[in-house]
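Trainee: Got a minute? I'd like to go through this one with you.
Mentor: Sure, put it up and ask away.

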Amino acid sequence: MLKHIETYFERHKIQFWIFNIIVIVSLLKIFQMFAYPETHFKEVFTKDNMRFLFFGRPGEIGGLALTFGLAVISIFLSFIIGSVFGIARWSSIKLFKIPAIIYIELLRATPLLMVIFWVFFAIPVFSMAFFHTQAHISPTVAAIIAFTLFTSAYVAEIVRAGINSIPKGQFEAAKSMGFNNTQTFILIILPQAYRKMIPAFVSQFVALFKDTSLAYTIGVIEFFRAATIINNRLYLSFEIFSFVALVYFSIAFSMSKFSHMLEKKVEKQLNA
Amino acid sequence: MGYEFDWSVLIEYKSLLIQGLVTTIKLSVLGIFFSFLIGSVIGIGRASKNFWLSLFASYYVESFRNIPLIVQMFFIYFTFTLSQIFPFLNSWGNFLGLHDVDAFFSALIALILYTGAYIGEVVKAGINSVPKGQFEAAQSLGMNKFQVMWYIVYPQAIRIIIPPLTSQFLNLIKNSSLAMTLGVAELTFATQQIDAETFRGFEAATAVTILYIVLTLSTSFLMNLIEIKFSKGVKNA
Amino acid sequence: MEPIIQMKDIQKYYGNFHALKKVDFNVDKGEVVVVCGPSGSGKSTLIRCINRLEDIDSGKIIVDGFDLYDKKTNINKVRQEVGMVFQHFNLFPHLTIKENITIAPVKVKKISKKEADKLAMELLERVKIPHQADKYPSELSGGQKQRVAIARTLAMKPKIILFDEPTSALDPEMIGEVLDVMKELAHENYTIVCVTHEMGFAREVSDRIVFMDHGEIVEENTPDEFFNNPKTDRAKKFLSEILHH
């Protein structure tokens, strides 16, 4: 009988997902009944609280909107910087390769939290050392710089792996048609490589989206910090943090499922 | 005049740095050990041919992978008072020389559950990469499912698993820095402490970064040795 | 005496593909049966049903007196009596040759390591490669690997041995050494079901040839009758193609 259910789910995907949601919600409910019988969700879900969580304080961008903003800006900038370092890392010219290796390995060996602190501490120091003024930048800008630096190292590795994955035959075919090195690279190799890298990029974006929660530590009022501010006021941590977890989960999960679909489409295209 | 670097604070505050390092090591060692255990169980479940087992294992993996680690830490720390629910944690805390039992174990549990989910996928991929013929040969000799996994499949999977596993272990070491948000006095916390007292955050951050690099390099090195040991004689038949 | 393998009304589907169409197949104790036929005819599927490496959709299979699909039957115990030799050897790469042979007797049959080692060395002598005992599978040639695979199967002292195209993955010069071992086994008390393209072997040692095509048993006969006097057109076509290579 169980086997019939299996085959049914294989064919009817929507019913499968409905089943999954029902099971998970039931499991969570059972957990809640044991761990935390008296819930006060109503006090959390006020209009003001929700507005704060999703959009921040009136007059400034905060909350989930800021979370997305941080993630999008950082991924865009790190895409550019990471591509530069990634190509440099892949190239065989020592002048480019060695600095790239140092940059990438240094950033990848450091916890994101340390990068955030380091940027926060380093900016006044460097501005003093080079410009003789004590620069003060907003925590949000510092966070963006930190996220960009950190993610660019991982993007660089994705780019390097992507270029490496292009079969040598492509280089040879382009050369034999008369393209020089630069043309080969820009017109033939990079387009293919970047298409292959899309799933990895999306996955990196999802990771960055989750990591924006770390901006909490330098005072950026994004989604997570907004939640902790409400928690400091209401002390209803089960309700608040389970809601936060649910929101992050829904967004991150949907994005990675979307990425899977993309991956399948890309695979079909490239296996021509 | 530019900024005057004062590296001597590092020597003055070296006990803070060392304490931070030790706490990070405690979190990392315990975290690595238990997340590997959980990850192996989940991974074997994920790779299982039983649809339901695989499905429930995937519930675990997707849940813990898609929620930020810091959220998991806060949820556990603020919702439950671990030392009340599990009094034995107090004696463990004494044994480990911990100051804040609740914070340490909340962070540790979240770290284990989070990393365990990622390791689960790594283990699944490793088991799936063992050729089907190995299962079949073991089964045809009369071995039951546990014997097949324990004597034949898992030993072969481990060799393949080690590089991505190492990467997850390194992630765990880096992620341990999040424990500072609960007040656990590990390395990153030490950076802030030194800065708070001396305003020499830059020097402190540099020193701490170097320490993290030392930690990650040593772990990579150790895992490399382990990989070599497991590769002795394991070639494809 | 009841046949040691009884398969009745076997139906098997892979999705929409009908792999086995209402097959009846019996083997007597001590018989040597060769199953042949074109690719996709279902011959490998058929013998893999005998030790339940494949599951059937309907029908009844009784092996050594045990109904394979009875809930009370312990399939692992049945498999101790049914050995299998695979096309791609499937030796355990992380164990030495000797360990490959001893692991099942020690862990499954619970015999002592000392006894198992002795048994392993006897079997390695028998297949003529005792000096390889402490090497790893990757250091052996294909023919040697297959002989080890046979020794590994024999170590469990099974009543039935299934061969799934044992020589198809071997270089031509190594086929002979494996067939020699198989011929010896054929003359002993083992019940053997062998899927193979080696018609010379089939002619020499088998008691019965079973020809399959498109999931059905098309013709069954003694080797002499089958090779000299094929009755069906499909069998004739198959023989003409295979014997002209």
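Trainee: How many salt bridges does the rule find across the interface of chain C and chain B?
Mentor: Keep in mind that this is a predicted model. Between chain C and chain B the rule turns up 1 salt bridge.

Trainee: Which side chains meet in it?
Mentor: Arg48(C) and Glu136(B), at 2.7 Å from N to O. There are also 5 residue pairs in polar contact between chain C and chain B, counting pairs with both residues at pLDDT 80 or more.

Trainee: And which elements of chain C each supply at least two residues of the side that touches chain B?
Mentor: Three helices and a strand: helix H2 (75–81), strand E6 (82–85), helix H3 (97–107) and helix H5 (142–154) of chain C. By class, that side of chain C has 14 nonpolar, 7 polar and 6 charged residues.

Trainee: How many residues are in contact there, on chain C and on chain B?
Mentor: On chain C, 27 residues, and they touch 23 residues of chain B. The area buried between the two chains is about 2,200 Å², with carbon and sulfur atoms giving 61% of that. Phe92(C), Pro93(C) and His94(C) supply 26% of the area that chain C buries against chain B, more than any other three residues.

Trainee: Switching topic: how many cavities of 30 Å³ or more does the structure hold?
Mentor: Just 1. The volume of the largest cavity is about 30 Å³.

Trainee: Which residues line it?
Mentor: From chain B, Ala137(B), Ser140(B) and Leu141(B); from chain C, Gly83(C), Met84(C), Arg152(C) and Thr153(C). Helix H8 (132–140) of chain B, along with E6 and H5 of chain C, each put at least two residues into that lining. E6 and H5 of chain C are also among the elements on the side that touches chain B.

Trainee: What's the lining like by class?
Mentor: It has 3 nonpolar, 3 polar and 1 charged residues.

Trainee: OK, over to chain A. Which chains share the most contacts?
Mentor: Chains A and B, out of the 2 pairs of chains in contact. Chain A and chain C have no contact joining them, and their closest C-alpha atoms lie 10 Å apart.

Trainee: How much area do chain A and chain B bury between them?
Mentor: About 3,800 Å², and 78% of it is on carbon and sulfur atoms. Met114(A), Phe121(A) and Lys210(A) supply 15% of what chain A buries against chain B, more than any other three residues.

Trainee: And how many salt bridges between chain A and chain B?
Mentor: The count is 0. What you do get is 6 residue pairs in polar contact, both residues at pLDDT 80 or more.

Trainee: Which elements of chain A give two or more residues to the side that touches chain B?
Mentor: They're helices: H1 (2–11), H2 (13–35), H6 (94–108), H7 (112–131), H11 (223–234) and H12 (237–270) of chain A. H12(A) has the largest share, at 11 residues. By class, that side of chain A splits into 36 nonpolar, 10 polar and 3 charged residues.

Trainee: Last one: how many salt bridges over all chains?
Mentor: The structure holds 24. One of them for you to look at is Arg160(A) with Glu157(A), at 3.1 Å from N to O. Both residues sit in helix H8 (residues 139–164) of chain A, 3 residues apart, about one turn of the helix.

Conventions:
Residues numbered from 1 in each chain as written. Chains lettered and ligands numbered in written order. Predicted model: local features only at pLDDT ≥ 70, side-chain atom pairs only at ≥ 80, totals over all residues. Heavy atoms only, no water. Contact = heavy atoms within 4.5 Å. Buried area = accessible area lost by both parts, 1.4 Å probe. Salt bridge = Lys/Arg side-chain N within 4 Å of Asp/Glu carboxyl O. Polar contact = N/O pair within 3.5 Å; in protein donor to acceptor, adjacent residues only side chain to side chain. Helix = DSSP H or I, 4+ residues; strand = E, 2+ residues; numbered from the N terminus. Nonpolar A, V, L, I, M, F, W, Y, C, P; charged D, E, K, R; others polar. 1 Å grid on protein atoms, 1.4 Å probe; cavity = no way out; pocket = protein on both sides within 12 Å on 5 of 7 lines; lining within 4 Å. Points joined across faces, edges and corners; volume = space filled by probe spheres on them.
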